[in-house]
Amino acid sequence: MKLEDLYRQVIMDHYKNPRNKGLVNEKGFKEVHLHNPSCGDDVTIEVKVEDGTVKSIKHDGTGCSICCSSASVMSETLAGKKVDEAKDLINDFFEMIQGNEIKEAQEEALGEALAYKGVSQFPARIKCATLAWKACEKALEDGDDNE
């Protein structure tokens, strides 16, 4: 099996069976909503941070398979990480999506998010892949605690 086929399977699995989908609207979660008017992708992210650690990430929205599956992958990739580590992973993801080289250790840390590496060849799809990650980055910007 070719690597591209494996990546396609990861994307389709997360699109058809999204992880952490559904907003909880609970105290302690910071909510960020972003919309991509150029293609209609629409995503809302809820992030809960406790003691400097990303405890939970929920997402909901509509859009293409790249956007929706990327939100699912992001929610699994960043949950459980320290806030600074999550911010670094978000930055690594952005670098990879733009076609920039990242270190092997960074690739390992990104895990299933590597499935979006090929998006760099399709500039119009970069916003699709990064929308949920940008929303999460925005939620994490305001400090380490959501309380």
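Buried means under 20% relative accessible area, exposed means over 50%, and partly exposed is what lies in between, using a 1.4 Å probe and protein chains only. By that yardstick Arg8, at 51% relative accessibility, counts as exposed.

A quick word on where the values come from. This is a predicted model, so local features need pLDDT of at least 70 and side-chain atom pairs count only at pLDDT 80 or more, while totals for chains, interfaces and linings use all residues. Residues are numbered from 1 along each chain as its sequence is written, and side-chain values use heavy atoms, with hydrogens and water left out.

**Salt bridges**

Let's start with the charged side chains. A salt bridge here is a side-chain nitrogen of Lys or Arg within 4 Å of a carboxyl oxygen of Asp or Glu. How many salt bridges does this rule give? The count comes to 6, and the table includes some of them.

| Salt bridge | Closest N to O |
|---|---|
| Asp5 and Arg8 | 3.0 Å |
| Asp13 and Arg19 | 2.7 Å |
| Glu50 and Lys48 | 3.4 Å |

Take Asp5 and Arg8. Helices (H or I, at least four residues) and strands (E, at least two) are DSSP runs, numbered from the N terminus. Both residues sit in helix H1 (residues 3-16), and because they are 3 residues apart there, about one helical turn separates them. Asp5 is partly exposed, with a relative accessible area of 30%.

Asp13 also has a relative accessible area of 30%, so it counts as partly exposed. Its partner Arg19 is partly exposed too, at 22%. Asp13 and Arg19 belong to a network of salt bridges that takes in Glu76 as well. As for Glu50, its 28% relative accessibility makes it partly exposed.

**A serine in a strand**

Ser56 lies in strand S3 (residues 53-62). Is Ser56 buried or exposed? With a relative accessible area of 17%, Ser56 is buried. Contact means heavy atoms within 4.5 Å. Leaving aside residues up to four places away in sequence, Ser56 touches Phe29, Glu46, Val47 and Lys48.

**Two helices that cross**

H1 packs against helix H2 (residues 65-78) at an angle of about 85°, and their axes are 8 Å apart. Axes are lines fitted to C-alpha atoms, for helices over the stretch in contact, and angles run from 0 to 180 degrees between N-to-C directions. Angles under 35 degrees count as roughly parallel, over 145 as roughly antiparallel, 65 to 115 as roughly perpendicular and the rest as oblique. H1 and H2 are therefore roughly perpendicular to each other. On the H1 side, Ile11, Met12, His14 and Tyr15 make the contact; among their H2 counterparts are Ile66, Val73 and Glu76.

**Aromatic rings**

A pair of aromatic rings is described by the distance of the centres and the angle of the planes. Rings of Phe, Tyr and Trp (its six-membered ring) pair if their centres lie within 6.5 Å; planes under 30 degrees apart count as stacked, over 60 as edge-to-face and the rest as tilted. The structure holds 2 such pairs. Phe93 and Tyr116 have ring centres 6.1 Å apart and planes at 70°, so this pair is edge-to-face. Phe93 is in helix H3 (residues 83-97), while Tyr116 is in the loop between helix H4 (104-110) and helix H5 (123-141), 23 residues apart. Tyr116 is buried, at 0% relative accessibility.

Phe93 also pairs with Trp133, and that pair is stacked: 3.9 Å centre to centre, with 5° between the planes. Because Phe93 lies in H3 and Trp133 in H5, the pair ties together parts that are 40 residues apart in sequence. Phe93 and Trp133 are both buried. Ring pairs link Phe93, Tyr116 and Trp133 into a cluster.
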